[in-house]
Amino acid sequence: MAEVTDGGVAAGRAVTVGAAARTAAPSARPEPRLLRGSERPELFRAVVEAARAAVAIVYPDGSWTALGDTFTRGLGHSADLPARTRLLSLVHPADRRSVLESFQAARDGREPSQSIPVRVRTAQGSWIELATTVRSRLHDPDVGGVVYYGVEVGRARDAERALTETHAGLERLIETLAVGILLVDGAGRVAVTNRALLELFDVPGPPQRYSTTDARALLRRMAGAMRAPDRVADRLDRLLTEPWTALDTDLMLVGGRVVEIDVVPVGAGGGALLHAWDVTARANMQRNLEERNEALAALVAAKNEFVASVSHELRSPLTSVVTFSNLLAQPDWGELDDEQRQFIEVIQRNADRLLRLIEDLLLLSRLEARTLQFVPSRVILPDLVRSAVLERAPIAQAADVTLKAEVSGDAVMSCDELRVNQVLGNLIGNALKFTPAGGQVTVRCHPAADGWRLSVTDSGIGIPSEDLDRIFEAFHRASNVEKHSHPGTGLGLVISKAIVERHGGLMEITSELGRGTTVTVWLPQRRVGDREGDR
């Protein structure tokens, strides 16, 4: 920095940034308008207060002004120092000559092209070296002096060293990545790439060979390792200017490997980051899974077709057995003794059971194949529950079990009334079947969560915990059922769950052995006229 006394240069030094500027200029010389707090442009004030540099202005009359609070905060001097101290007194004696010469050169229109080192004394008497840039603003009416910008050399060197170390660390990190990396700058040149990318696409040479080269040339070399290279190269070129453009998830290389490529924009200058990795193992696994799924789907379809065919073939002769056994039981065909009547009842009972099993198998196969048509209609679910409970009241009375309904609401919902009633029949029938005399079955139905919550709770024998996870499997029956001599097919809950899910609902079951079971169903509230997902 510089100070002029009797027309000569007396002192100079740069002070760090931040606060309001102060001047020691004589009252005859007006303070530069740039430095007045009320008139200082907001941008200039923001730059001064945020800069890391020390800034000072030296005027031709020998006065000087320090800009920024780093002068007081960084060097420890008082804020009024410019008014009572010659600037050269703060400069190291060995550096005063260069400061004077720089001031003279700037005044004559010959600004130093490079920064000069200036050591400045702190309030504690130590010295801080500043790399100082000198700029003449003598003819600027808002400044009227020579401006000195000084940056602490140690801090600048530390920052440069830290930046160099960070850059080297990033280069090492990128080089050790297993994922191929290509960073392209806004001008379309290669900024960074790594060995993994070159090896993945069989591109020769170290990554440094391609630094600052045309990225499109490298992309075309990469595309040469792929099948249909021209098509892939054109699409990769477009990705550099249109990041996020859709690209095939998997690209096949000539050798049979599969790679995946993503390109994302980087910054506002038009750069892009491409990263690629080998997904051959994943692609093979996915292909195997797809083949297995296709095989399983074909197997399920064949199973359903077989079940439907066998069930249909069995139903016809069984229908004949039931029909003729009923005819034999009629008095018109002659009186039967007790033993003959007992035989006929056994035939009828088992034939009816086989028919129900066949009907359930046919229904389940159609549900699984999604060929069963659902017919939606206007239904008030609480009314349907009341009817189902009333219909099964005689069965409950015969078994000495209390059956009751607890319902609320009267909103109309859209569902297949026949199938929902079938679910109710299965759940209530199971509850009555597995509840001993003197027990209770409660059917509840209430609006809940944009739909209806329906539950059937009994005080029956319950389900062992080890059977709960398999309770919705076809033909699976709880291990404690047989000891209570309750016959069944093991398909009722499976069918009920499938019907509920086809309506978009959920079914769950909780139970405690010896204490009872609760089956809960949630059905969505669909407006009448909504299309069903399954027809």
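I began with Thr-212 in this predicted model, and I noted that Thr-212 is exposed, because its relative accessible area of 55% is over the 50% cut-off. I found Thr-212 in the loop between H6 and H7, and I read its phi as near 70°, a positive value in a residue other than glycine. I wrote beside this that most residues other than glycine have a negative phi.

I then looked up Asp-202, which is found in the loop between helix H6 (195-200) and H7. Its phi is also positive, about 55°, although Asp-202 is not a glycine, and at 61% relative accessibility Asp-202 counts as exposed.

Next I turned to helix H7, residues 215-223, where I listed Ala-215, Leu-218, Leu-219, Met-222 and Ala-223 as buried. Seen down the axis of H7, these buried residues fall within an arc of 140°, so they line one face of the helix. I added the general reason, which is that an α-helix has 3.6 residues a turn, so residues three or four places apart point the same way. At the N-terminal end of H7 I found Asp-214 as a cap, with a side-chain oxygen 3.2 Å from the backbone nitrogen of Arg-216.

Last, I searched the whole structure for cavities of 30 Å³ or more and found one, with about 70 Å³ of space in it. Its lining includes Val-420, Leu-454, His-503 and Leu-523, and I saw that helix H13 (417-433), helix H15 (492-502) and strand S20 (516-524) each give two or more residues to it. H13 provides the largest share of that lining, three residues. Which kinds of residue make up the lining, nonpolar, polar or charged? I recorded eight nonpolar, one polar and no charged residues.

Terms used:
Residues numbered from 1 in each chain as written. Predicted model: local features only at pLDDT ≥ 70, side-chain atom pairs only at ≥ 80, totals over all residues. Heavy atoms only, no water. 1 Å grid on protein atoms, 1.4 Å probe; cavity = no way out; pocket = protein on both sides within 12 Å on 5 of 7 lines; lining within 4 Å. Points joined across faces, edges and corners; volume = space filled by probe spheres on them. Helix = DSSP H or I, 4+ residues; strand = E, 2+ residues; numbered from the N terminus. Nonpolar A, V, L, I, M, F, W, Y, C, P; charged D, E, K, R; others polar. Buried < 20%, exposed > 50% of the residue type's maximum accessible area, 1.4 Å probe, protein only. Arc of directions from axis to C-beta. Polar contact = N/O pair within 3.5 Å; in protein donor to acceptor, adjacent residues only side chain to side chain.
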